[in-house]
Number of protein chains: 2
Amino acid sequence: MTTPKLSSEFDLIARHFTRPAANAVLGVGDDAALIDVSNGMDLAVSTDTMVSGTHFFPDVDPENLGHKALAVNLSDMAAMGAMPHWAMLALTLPSVDHDWLAAFAKGFFDLAEEFDVSLVGGDTTRGPLALTVTIMGEVPAGAALKRTGAKVGNDIWVSGRIGDAALSVAHRRGKLKLDDADLQETIMRLYEPTPRVQLGQALRGMATSAIDISDGLLSDLGHVCRLSKVGAKVDLSAIPLSPIGAKYVGTPEGLNAVVAGGDDYELCFTANPNSRDSIEDLTNMLGVQITRIGQIHRGKGVSLMGTDGKPVPVDGGGFDHFSAA
Amino acid sequence: MTTPKLSSEFDLIARHFTRPAANAVLGVGDDAALIDVSNGMDLAVSTDTMVSGTHFFPDVDPENLGHKALAVNLSDMAAMGAMPHWAMLALTLPSVDHDWLAAFAKGFFDLAEEFDVSLVGGDTTRGPLALTVTIMGEVPAGAALKRTGAKVGNDIWVSGRIGDAALSVAHRRGKLKLDDADLQETIMRLYEPTPRVQLGQALRGMATSAIDISDGLLSDLGHVCRLSKVGAKVDLSAIPLSPIGAKYVGTPEGLNAVVAGGDDYELCFTANPNSRDSIEDLTNMLGVQITRIGQIHRGKGVSLMGTDGKPVPVDGGGFDHFSAA
């Protein structure tokens, strides 16, 4: 319609979002960006939207939000075994607040620089606060990690520790009560997840499937099972927890956060048991905890197993939510 | 947070948005899509967000919206002289309405098929109605049409007819009154713009700069002038109008719609005068009206010239809005 853009869009982009795009043919400022994808490489591309009130609390620190918006997309590149290079940012704002934008841009670009990612384009519009990042990267043709490759007998692995991000959300929603120190630490995991980009690339040729944990461990592993036409058993006692996670996993809300909470952006992947030593070596090489948590079986759906060898029921969303359709 | 996605996201995507992506290595359903960009080609990539109440009226016909969401992105490819191939759709919905989604998908895919574009990925989330499309295409390396290439002495050209889309918006906002037949016709131009994809490709090697008219003729041409470090004079009487546009251009609101309204998604481009015959030939070859409307000069900013040879003041946004910063 007649005023589709923020009236100061050009100033806004020039002031906050125009940085040299060293690795692009043409960056921000034209009708499209231009990118030269290397010979022998496939372009990997993924997009994620974050909406205020759905994906983040409206009072989020803008620097944290800038970090997270890029981090969740970097995590998609990690889950494909791809090298992230370029990003597009579509930002919808209720009004122009330059302090907010400067902080958001700092969070975004600090992480972008860490991973050599250039912002090559985007869009700014007026409306309820939301943002969509499209990330692009390269992966050697034929070498990407897909959700479809899990095989019966494969081990199931996860990186890092699971559940902290969801514990902070449960606290904010009044479902459990964390003390101040625990809240600070888990909130950092919620807003500043560490995308496992190096790990994803190291797993090419080793992992048979991979996914990043955004919706929840059982749910995301369920996607892999559905697409690979297999089932999975996860040992609850093997899931790597932080000291905070360990305090709460015995409660229904704590268990739910750990197995169904999501937002950790750790990798969950499958591999042949003969890769165990190579995978464990990665822990030292990359400085990231990698833990074997279960096995792929015939059948369908994901079962969470207790130490007594019996399935553990999970609250919230219901166990059916995690079963294959 | 714990429920970042629509709970039925997988059903929803499977039901409405999963079609074979013949031209992609990997389409919808994994952490990222995989694309093989041809040797010698640059990837052109652009993203546009449309927000309910800002870019379209909340009562928009969903099939029209699906068409328009892709059309405005195809138009960006046209303005680069690129061949569109792949799209990502990030859709934010207040609730799941399958009739609405089916109609939206029909509008989107009908246009996608017309241009051989595959939907290769995306995201669905809960929130205020909005959508972000990221379009990707190919352009021979070094041949893209940029905003930076306009030269003093170049002609300024536009495709199609200018102003109809904005007239329908002005009517909806009560700023002027169209009769029913005129309203129907101009609303079609608002919701079903024709992206000038073939024209954009035909202009490679001929146009010195190009942009699509989304914000308004003078404003968008102003971007070209600013980036090319030149000025422009546009002859008001040369701007191609529909019979409806011709009826209203004599009123302040009508003039504003024509020169500052936007939403036509026609191409505005510059070319050396020795290309005039070749450009006029394109009208017959491609069946699209192409009209010379002015010339590039030294200086900066865009002037709208009347038949008396004097600048014409423009209401709404103000003339300064179109001047180079």
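Which residues is D76(A) in contact with, leaving aside its neighbours within four places in sequence? In this predicted model, the answer is a short list: S46(A), D48(A), D212(A) and D31(B). The list takes in a residue of chain B, D31(B), alongside residues of chain A. D76(A) itself is placed in helix α2 of chain A, which runs over residues 62–80. With a relative accessibility of 6%, D76(A) falls under the 20% cut-off and therefore counts as buried.

One of these partners, S46(A), deserves a closer look. S46(A) belongs to strand β2 of chain A, residues 41–51, and a polar contact of 3.2 Å joins its side chain to the side chain of D76(A). S46(A) is likewise assigned to the buried class, because its relative accessible area is 5%, where buried means under 20%. Setting aside neighbours within four places in sequence, the contacts of S46(A) within chain A are N73(A), D76(A), M77(A), V133(A), T134(A) and I135(A). From chain B, S46(A) is in contact with D31(B), A32(B) and M88(B). D31(B) thus turns up in the contact list of S46(A) and in that of D76(A).

Both residues also carry an annotation. An unreviewed UniProt entry lists D31(A), S46(A) and D76(A) under "binding site". These three positions are spread over 46 residues of sequence, and in space they are spread as well, with up to 26.0 Å between C-alpha atoms. The unreviewed UniProt entry further gives "domain: PurM-like N-terminal" for residues 29–139 of chain A. That span is 32% helix and 40% strand, and its end C-alpha atoms lie 27 Å apart.

Turning to internal space, a search of the whole structure finds one cavity of 30 Å³ or more. The volume of this largest cavity is about 140 Å³. Its lining is made up of 18 residues, and those nearest the centre are T49(A), T92(A) and A130(A) from chain A with T92(B) and A130(B) from chain B. Strand β2 of chain A, the strand that holds S46(A), is among the elements that each supply at least two residues of the lining. The others are β3 (83–93) and β5 (130–140) of chain A, together with β2 (41–51), β3 (83–93) and β5 (130–140) of chain B. How is the lining of the largest cavity divided by class? There are 12 nonpolar residues and six polar ones, with no charged residues.

Methods: Residues are numbered from 1 along each chain as its sequence is written. Chains are lettered from A and ligands numbered from 1 in the order in which they are written. This is a predicted model: local features need pLDDT of at least 70, side-chain atom pairs count only at pLDDT 80 or more; totals for chains, interfaces and linings use all residues. Side-chain values use heavy atoms; hydrogens and water are left out. UniProt positions are given in the numbering used here, feature names are shortened, and annotations may be inferred rather than shown by experiment. Helices (H or I, at least four residues) and strands (E, at least two) are DSSP runs, numbered from the N terminus. Buried means under 20% relative accessible area, exposed over 50%, partly exposed in between (1.4 Å probe, protein chains only). Contact means heavy atoms within 4.5 Å. A polar contact is a pair of N or O atoms within 3.5 Å; within protein, one must be able to donate a hydrogen and the other to accept it, and residues adjacent in sequence count only if both atoms are side-chain atoms. On a 1 Å grid over the protein atoms alone, a cavity is a set of points where a 1.4 Å probe fits but cannot get out, and a pocket is an open set with protein on both sides within 12 Å along at least five of seven lines; lining residues have an atom within 4 Å of a point. Grid points are joined across faces, edges and corners, and a volume is the space filled by probe spheres set on the points. Ala, Val, Leu, Ile, Met, Phe, Trp, Tyr, Cys and Pro count as nonpolar, Asp, Glu, Lys and Arg as charged, and the others, Gly among them, as polar.
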